[in-house]
Amino acid sequence: MTYLLPPLNALRAFEAAARHLSFKQAAHELHVTAGAISQQIRLLEERLGVQLFERRTRQVVLTSAGETYLAQVRKAFRRLADATAELKPEGVTSLLHIGLHASVALDGLRARLAQFRRAEPQLAIRISQPAGLHELLEGKVDVVIADRVQRHPGYKCEPLENGFLIGPLGTADCPEIEALRSCLLGDAGPARSAPPGAPLVVGRPSSSRRPSKPLFSA
């Protein structure tokens, strides 16, 4: 059976741009130019006959059609990622980079973050403080914990017990961030032992894009 699929490179460009809400960050991740990402997405939009992004002066935002399509593309990518993960040796880890607003007390989160590490032993955690919406928009962190509501187009701000969890719409419901949210709300399931390769590192946000492997990368 032959599947009638859009070009896979265009789908990768779309997913990365939707996750970062940035053609530039998507280009950095996929090791191409921002112009190449823009061209791939334009070709995909022409192929589908719908506009997936609203182009703004300094940002791109998903249209309603783009949000609907992203949900299905993410499911397909997740199935591919799960199938690939089954072939990988045990102990392979990925990194979740969490930003904390300057006014958020890290000591008050240590127990919940330690619980998160035990619940997700394959996932390493890096903490950057201070970090806020600016660092999130620049792609220096994957998600931000803040003490007050911070709204921005294309980003989701969800209440916690003592603050808010902010992340891009493209990854706000990914398994890693859902697990983090559950731990921060005290809803995590049974914990497992975390291996030495899944550290929690605390530091300041880097001035450049993090070198670690991003979520949903191939």
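Is R56 buried, exposed or partly exposed? R56 is partly exposed, at 39% relative accessible area. Buried means under 20% relative accessible area, exposed over 50%, and partly exposed in between, with a 1.4 Å probe and protein chains only.

The views below show a predicted model, in which local features need pLDDT of at least 70, side-chain atom pairs count only at pLDDT 80 or more, and totals for chains, interfaces and linings use all residues. Residues are numbered from 1 along each chain as its sequence is written, and side-chain values use heavy atoms, with hydrogens and water left out.

**View A. The whole chain holds seven helices and eight strands.** Helices (H or I, at least four residues) and strands (E, at least two) are DSSP runs, numbered from the N terminus. The chain has 218 residues, and 45% of them are buried. Its accessible surface is about 11,800 Å². Carbon and sulfur atoms account for 53% of that surface. Areas come from the Shrake-Rupley method with a 1.4 Å probe; for residues, only the protein chains shown count as cover. Take the contacts between residues at least 6 apart in sequence: 66% join residues at least 24 apart. Contact means heavy atoms within 4.5 Å.

**View B. E54 and R56 meet in a salt bridge.** The N to O distance is 3.2 Å. A salt bridge is a side-chain nitrogen of Lys or Arg within 4 Å of a carboxyl oxygen of Asp or Glu. The count by this rule is 11. E54 is partly exposed, at 37% relative accessible area.

**View C. E45 pairs with R42 inside helix α3.** Helix α3 spans residues 34-48. The two residues sit three apart, about one turn of the helix. Their closest N and O atoms are 3.9 Å apart. E45 is buried, with a relative accessible area of 7%. R42 is partly exposed, at 41%. A network of salt bridges links R42, E45 and R55.

**View D. E161 and R112 form a salt bridge.** The closest N and O atoms lie 3.6 Å apart. This pair links distant parts of the chain, 49 residues apart. E161 is in the loop between β6 (155-160) and β7 (163-168). R112 belongs to helix α5, residues 110-119. Both ends are partly exposed: E161 at 48% relative accessibility, R112 at 25%.

**View E. Helices α2 and α3 cross at roughly 105 degrees.** Helix α2 covers residues 23-30, and its axis comes within 8 Å of that of α3. The two helices are therefore roughly perpendicular to each other. That label covers 65 to 115 degrees; angles under 35 count as roughly parallel, over 145 as roughly antiparallel, and the rest as oblique. F23, K24, A26, A27 and L30 of α2 make the contact with A34, I37, S38 and I41 of α3. Axes are lines fitted to C-alpha atoms, for helices over the stretch in contact, with angles from 0 to 180 degrees between N-to-C directions.

**View F. Y3, L5 and L8 form a nonpolar surface patch.** Together they have about 370 Å² of accessible area. L5 lies in the segment before α1 (8-20). L5 is partly exposed, at 49% relative accessible area. Patches take residues with over 30% relative accessible area and no salt bridge; like charges are joined within 9 Å, nonpolar side chains (Val, Leu, Ile, Met, Phe, Trp, Tyr) within 5 Å.
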